[in-house]
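Work through the exercises below with the sequence and the 3D view open. Try each task before reading its solution.

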Amino acid sequence: MNEVTTPTDEVLTLEELAAYLKVSETTAYTLVRSGEIPGRKVGREWRFLKARVTHWLMQAGEEDMEKTGFVQRDELGGEFKQEGGQEYVALWLPITREEKAAQIEKATRDGVNVSELVADYLRSWVKA
């Protein structure tokens with residue numbers, strides 16, 4: 001009886017895993033040996049379920065973004081990052097690079113937090 005396999009059932013060799021991840025076989029083997037990538041040794045060879053590797057990739061990306069504060073986009077195209085359990089929203093200011101440099105210089109000179117200056121700038125911009 002011939003079984004039909006689906007892409008989620010696909011089994012990869014170490015060489016195929018490296019190609020799938022677009023890394024060298026040495027890098028793939030290092031990830032496997034460290035236990036990062038889910039796999040199983042069958043005899044003397046490693047085998048990997050493609051679906052589990054894909055899940056590992058997706059999960060690792062989310063964890064890395066949470067740890068490093070990687071900037072993400074929401075469904076409306078706005079930028080945000082999560083860091084230390086806090087969510088920070090990126091805000092695009094109607095300001096030139098020269099104005100920005102002047103604000104940073106003023107904050108440094110006055111010993112003021114740049115965020116406070118930006119908040120003041122926004123308040124004045126909204127009133128205008």
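The exercises that follow concern a predicted model, and they go from the sheet to the core and then to the charged side chains.

**Exercise 1. Find the order of the strands in the open sheet, and name the edge strands.**

Step 1. The sheet has 3 strands, and they pair in an antiparallel way. Begin with β1 and β3 (residues 45-49), which are joined by 2 bridges. Within this pairing, Leu12 has Phe48 as its bridge partner in β3.

Step 2. Turn to β2, which is joined to β3 by 3 bridges. Here Lys41 stands opposite Trp46 of β3.

Step 3. Put the two pairings together: the order is β1-β3-β2. The edge strands are β1 (11-12) and β2 (40-42), each of which pairs on one side only.

Step 4. Look at the link between β2 and β3. This hairpin has 2 residues between the strands, and Gly43 takes a positive phi near 65°.

**Exercise 2. Sort the side chains of β3 by the face to which they point.**

Step 1. Recall the general pattern: in a regular strand, side chains alternate between the two faces of the sheet.

Step 2. Apply the pattern to β3. Trp46 and Phe48 point to one face, and both are buried. Glu45, Arg47 and Leu49 point to the other face and are not buried.

Step 3. Check the burial with the cut-off of under 20% relative accessible area. Trp46 counts as buried because its value is 19%. Phe48, at 1%, is buried as well.

Step 4. Compare the rings of these two residues. Trp46 and Phe48 form a stacked aromatic pair, with 6.2 Å from centre to centre and 10° between the planes. The structure holds 1 aromatic pair.

**Exercise 3. Describe the largest nonpolar core and the surroundings of Phe48.**

Step 1. Start from a general tendency: in soluble globular proteins, nonpolar side chains tend to be buried together.

Step 2. The largest nonpolar core of this model has 13 residues. Those with the most contacts inside the core include Leu14, Leu17, Val32, Phe48 and Val53.

Step 3. Assign the core to elements. Two or more residues come from each of α1 (14-21), α2 (25-33), β3 and α3 (50-68). The largest share, 4 residues, is that of α1.

Step 4. List what Phe48 touches, leaving out residues up to four places away in sequence. Among its contacts are Leu12, Leu14, Leu17, Val32, Ile37 and Val53.

**Exercise 4. Locate salt bridges, and state whether their residues are exposed, partly exposed or buried.**

Step 1. The structure holds 5 salt bridges. One of them joins the side chains of Arg47 and Glu45, with 4.0 Å from N to O. Arg47 has a relative accessible area of 29% and is partly exposed; Glu45, at 45%, is also partly exposed.

Step 2. Move to helix α4 (residues 97-110). Arg109 and Glu105 both lie in this helix, 4 residues apart, which is about one turn. Their side chains meet in a salt bridge of 3.8 Å from N to O, and both residues are exposed.

Step 3. Arg109 also forms a salt bridge with Asp110, where the closest N and O atoms are 3.9 Å apart. The relative accessible area is 56% for Arg109, which is exposed, and 42% for Asp110, which is partly exposed.

Step 4. Join the pieces: Glu105, Lys106, Arg109 and Asp110 are linked in a network of salt bridges.

Conventions: Residues numbered from 1 in each chain as written. Predicted model: local features only at pLDDT ≥ 70, side-chain atom pairs only at ≥ 80, totals over all residues. Heavy atoms only, no water. Buried < 20%, exposed > 50% of the residue type's maximum accessible area, 1.4 Å probe, protein only. Pairing = 2+ DSSP bridges. Core = buried A, V, L, I, M, F, W, Y, C linked by side-chain atoms within 4.5 Å. Contact = heavy atoms within 4.5 Å. Phe/Tyr/Trp six-rings, centres within 6.5 Å; stacked < 30°, edge-to-face > 60°.
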